[in-house]
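Reader: I'd like to poke at some labels here. Can you walk me through the reasoning behind them?

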Amino acid sequence: MPFEEKRTWILGITAAVSYAIYVVVVLIRARDSALTEVAYIAPLLWAIGVSIAVSIVAAIAVALLSREGDRKDQRDREIDRMGSEAGNAFVVLGAIGALALALCDGDRFWIANVIYLGFTLSAIVGCAAKVIAYRRGYQPW
């Protein structure tokens, strides 16, 4: 498995797991109150921070244990570009959703969570597109 594919798996899994843990924490805190009244900021920041830290540490560990090192060829760059483009749509959708909520005087809880969901879906979809390209082959027509 190429080094870049390993990094892609790390990013995708880390994004999905950190978001799932965040949602569980928020839902547990909301058992006795409305979602918009939950203290969500600290868990949100922790989820993002830990996700970034784990991704960095895991990528460094994989690089140290990997024989091929951090070498990117043209195929890796093309797959990375294609996966990023696939994921970017969800960043845009999250931003549009957050803007719509802000214009309608939506609660900050929902605005923040729509943005976080957009970033998470962007990472997951982008990583999934990259893994599929690595596994099935990539033809940049």
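**Labels and the reasons behind them**

Author: Sure. Keep in mind that this is a predicted model. A first stop is helix H2: what covers its buried residues includes helix H1 (3-29) and helix H4 (108-136).

Reader: Which residues of H2 are buried?

Author: Pro43, Leu44, Ala47, Ser51, Ser55 and Ala59. As a rule, an α-helix has 3.6 residues a turn, so residues three or four places apart point the same way.

Reader: How do you know that the span of helix H2 agrees with its number of residues?

Author: H2 has 25 residues (41-65), and at 1.5 Å a residue it should span 36 Å. Its end C-alpha atoms are 36 Å apart, so the two agree.

Reader: What makes Asp76 count as buried?

Author: Its relative accessible area is 7%, and the cut-off for buried is under 20%, so Asp76 qualifies. Asp76 sits in helix H3 (residues 74-103).

Reader: And why is the link from the Asp76 side chain to the Tyr134 side chain called a polar contact?

Author: The two side chains are 2.6 Å apart in that contact, and the limit for such N or O pairs is within 3.5 Å, so the distance fits.

Reader: How many aromatic pairs are there?

Author: The structure has 5. One of them, Tyr40 with Phe109, is edge-to-face, with centres 5.1 Å apart and 90° between the planes. Centres must lie within 6.5 Å and planes over 60 degrees apart, so both values pass. This pair joins distant parts of the chain, 69 residues apart: Tyr40 in the loop between H1 and H2, Phe109 in helix H4. Both Tyr40 and Phe109 are buried.

Reader: Which residues do ring pairs link into a cluster?

Author: Tyr19, Tyr22 and Tyr116.

How values were computed:
Residues are numbered from 1 along each chain as its sequence is written. This is a predicted model: local features need pLDDT of at least 70, side-chain atom pairs count only at pLDDT 80 or more; totals for chains, interfaces and linings use all residues. Side-chain values use heavy atoms; hydrogens and water are left out. Helices (H or I, at least four residues) and strands (E, at least two) are DSSP runs, numbered from the N terminus. The expected span of a helix is 1.5 Å times one less than its number of residues. Buried means under 20% relative accessible area, exposed over 50%, partly exposed in between (1.4 Å probe, protein chains only). Contact means heavy atoms within 4.5 Å. Rings of Phe, Tyr and Trp (its six-membered ring) pair if their centres lie within 6.5 Å; planes under 30 degrees apart count as stacked, over 60 as edge-to-face and the rest as tilted. A polar contact is a pair of N or O atoms within 3.5 Å; within protein, one must be able to donate a hydrogen and the other to accept it, and residues adjacent in sequence count only if both atoms are side-chain atoms.
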